[in-house]
Amino acid sequence: MTANETPANGRKSLILNAFVEMCSGHQSPGLWQHPEDESWRFNDVDHWVELAKLLESAKFHGIFIADVLGGYDVYKGPRNLEPAIVSGAQWPVNEPLAVVPAMAAATQNIGFGVTVTTTYEPPYHLARRLSTVDHLTKGRVGWNVVTGYLDSAARNMGYAHQPNHDDRYAVAEEYIKVAYKLWESSWRSDAVVLDRQRGVYAEPSRIRQINHQGKYFEVPGPHLCQPSPQRTPLILQAGTSKAGKTFAAQHAEAIFVGGHSPSVVKKNIAEIREMAKTQFGRDPQTIKFLALLCPILGKTEEEAKEKFAYFRSLGSIDGALALFGGWTGIDLDTYGEDQELRAVESNAIRSAVEGWSKATPEVPRWTKKTVGEHITVGGLGATAVGTPQQVADQMEKWVDEADVDGFNIAYAVKPGTFKDVIDLLIPELRRRGLFHEDYAVPKGTYRENVYSKKGQSGPPADHPASKYRWDAGVEEHKIPE
């Protein structure tokens, strides 16, 4: 079965991304101490090349690279970085886009979703950086559009604190439209002619300024890069607050959801799909939802549980609570060990606050103790412990109950978790007809393989970016506002 074939059982063929960051540990703070963990090698380009080749051998759709621009300094705060520094909780962190061309040069199919915030970098600059990497990867880059959530990042970027949550999304809305104009409207698809007889590299009449003048940005253009294979990278997004859902319903092609149970994210997924259809005229099924999952696998249930217990023994509670403080803006040092978590207004990741404050059948009360223990292995999402059959059952539950289309696979140890997924879990998923045997479009773009559709290098016709495209041969094309 290839990715563009419908499984015999009529179920979804899952999208699988590896979820990583250019740091040690990532979603499992403290587990760099595990004797088999290699996440501490994040400064070594060979580490990333090896990972990309490993994941491509198993036909993963992509590598989803998270990023932050500041340290987690809320826990035991204010502005206290020590818990993060000691535990290595997303500290230190390198810039993610830089490593993508090296991974792309060693592979041919796997995509690369890179997190970049709209809050601190001018859209003209980012559009150029992403176009460059889209060229160098032959169209295999995606942009995870975020607005940031750490005050520590804002201070280092020259702000007293980060802008208010909804204001950040207002900026992001204009920002992404500037990017669409640069990527899609500034150059006609056939602008580059390479006419050696006339000595003309590109036709000036097919390149234009965008002359954007908005509330937050003035960008005359034109775009400094010629059209790349995708022009607009695959648009990824992760926020499910009210403002985040509106942004996602309009712009996102794949949405990353984090929650410890399908019940936590089910309503948000349904709301975004409905909003996409009724407010923005999009086919809701073209929006792919990917749940965060950290699988702890064993050939037997006992083996998986023993592995999980060992992981937990290495995890750093202080590191976990440092991460939680950054994600939510809540300092759990002010809570008693068994004091129940409360929903509070936050200027960080509001959806994270909402999710953690909801009790579920799996965890009836979220307290400082239970939050800390949970985050040590798997972080913000669910942790599935068991045999390949048991974990596959849990993944099917997410599909059935929450309507997800795939998973961002977090690791406890790297690359061990991914090797277990490849050796144990993927064969079981394929046996059930839930994962492809090969890429839908060999050597295709990231978007083509996510949509399982050859020729879908640009956004679908009902995506807002598509109306900005200046196609070959079109003399008169007005740039949308």
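**Entry 1: a charge over a ring**

I looked up Arg208 and found its charged end over the ring of Trp470, 4.1 Å from the centre of that ring. I note here that the model is predicted.

**Entry 2: aromatic pairs**

I next searched for aromatic pairs, and the structure holds 10 of them. I examined the one formed by Trp143 and Trp183, which is edge-to-face, with 6.0 Å from centre to centre and 80° between the planes. This pair links distant parts of the chain. I placed Trp143 in strand β4, residues 141–146, and Trp183 in helix α6, residues 165–185; the two residues are 40 residues apart.

I then asked whether Trp143 is buried or exposed. Trp143 counts as buried, because its relative accessibility is 0%. For Trp183 I read a relative accessible area of 3%, so Trp183 is buried. I also recorded that Trp143 and Trp183 belong to one aromatic cluster together with Tyr175 and Phe217.

**Entry 3: helix α10**

I turned to helix α10, which covers residues 317–328. What span should its 12 residues have at 1.5 Å a residue? The expected span is 16 Å, and the C-alpha atoms at the two ends are 16 Å apart, so the two values agree.

I checked how α10 is placed in the structure and found 10 of its 12 residues buried; the helix is therefore largely enclosed by the rest of the structure. The buried residues are Gly319, Ala320, Leu321, Ala322, Leu323, Phe324, Gly325, Gly326, Trp327 and Thr328.

I inspected both ends of the helix. At the start of α10, Ser316 brings a side-chain oxygen to within 2.9 Å of the backbone nitrogen of Gly319. Just after α10, I found Gly329 with a positive phi of about 80°.

**Entry 4: Gln27**

I located Gln27 in the loop between β1 (15–21) and α1 (45–57). Its relative accessible area is 5%, so I entered Gln27 as buried.

Which backbone nitrogen does the side chain of Gln27 reach? I found that of Leu380, at 2.8 Å. Leaving aside residues up to four places away in sequence, I listed what Gln27 touches: Phe19, Gln90, Leu292, Trp327, Ile375, Gly378, Gly379, Leu380, Gly381 and Ala410. I noted that Trp327 in this list is also one of the buried residues of α10.

**Entry 5: cysteines**

I searched the whole structure for disulfides and found zero. Why does Cys23 not form a bond with Cys294? The closest cysteine sulfur to that of Cys23 is in Cys294, 14 Å away, and this is too far for a bond because a disulfide requires the sulfur atoms to lie within 2.5 Å.

I recorded the accessibility of Cys23 as 0%, so Cys23 is buried. Cys225, at 11% relative accessibility, also counts as buried.

**Entry 6: Lys277**

I closed with Lys277, which I placed in helix α8, residues 262–280. Is Lys277 buried or exposed? Lys277 counts as exposed, because its relative accessibility is 52% and the cut-off for exposed is over 50%.

Not counting residues up to four places away in sequence, I found that Lys277 touches Arg282 and Pro284. I also looked up the separation of Lys277 from Thr232, which lies 45 residues away along the chain; their C-alpha atoms are separated by 22 Å.

How values were computed. Residues are numbered from 1 along each chain as its sequence is written. This is a predicted model: local features need pLDDT of at least 70, side-chain atom pairs count only at pLDDT 80 or more; totals for chains, interfaces and linings use all residues. Side-chain values use heavy atoms; hydrogens and water are left out. Helices (H or I, at least four residues) and strands (E, at least two) are DSSP runs, numbered from the N terminus. The expected span of a helix is 1.5 Å times one less than its number of residues. Buried means under 20% relative accessible area, exposed over 50%, partly exposed in between (1.4 Å probe, protein chains only). A polar contact is a pair of N or O atoms within 3.5 Å; within protein, one must be able to donate a hydrogen and the other to accept it, and residues adjacent in sequence count only if both atoms are side-chain atoms. Rings of Phe, Tyr and Trp (its six-membered ring) pair if their centres lie within 6.5 Å; planes under 30 degrees apart count as stacked, over 60 as edge-to-face and the rest as tilted. A charge sits over a ring if NZ of Lys or CZ of Arg is within 6 Å of the ring centre and within 35 degrees of the ring normal. Contact means heavy atoms within 4.5 Å.
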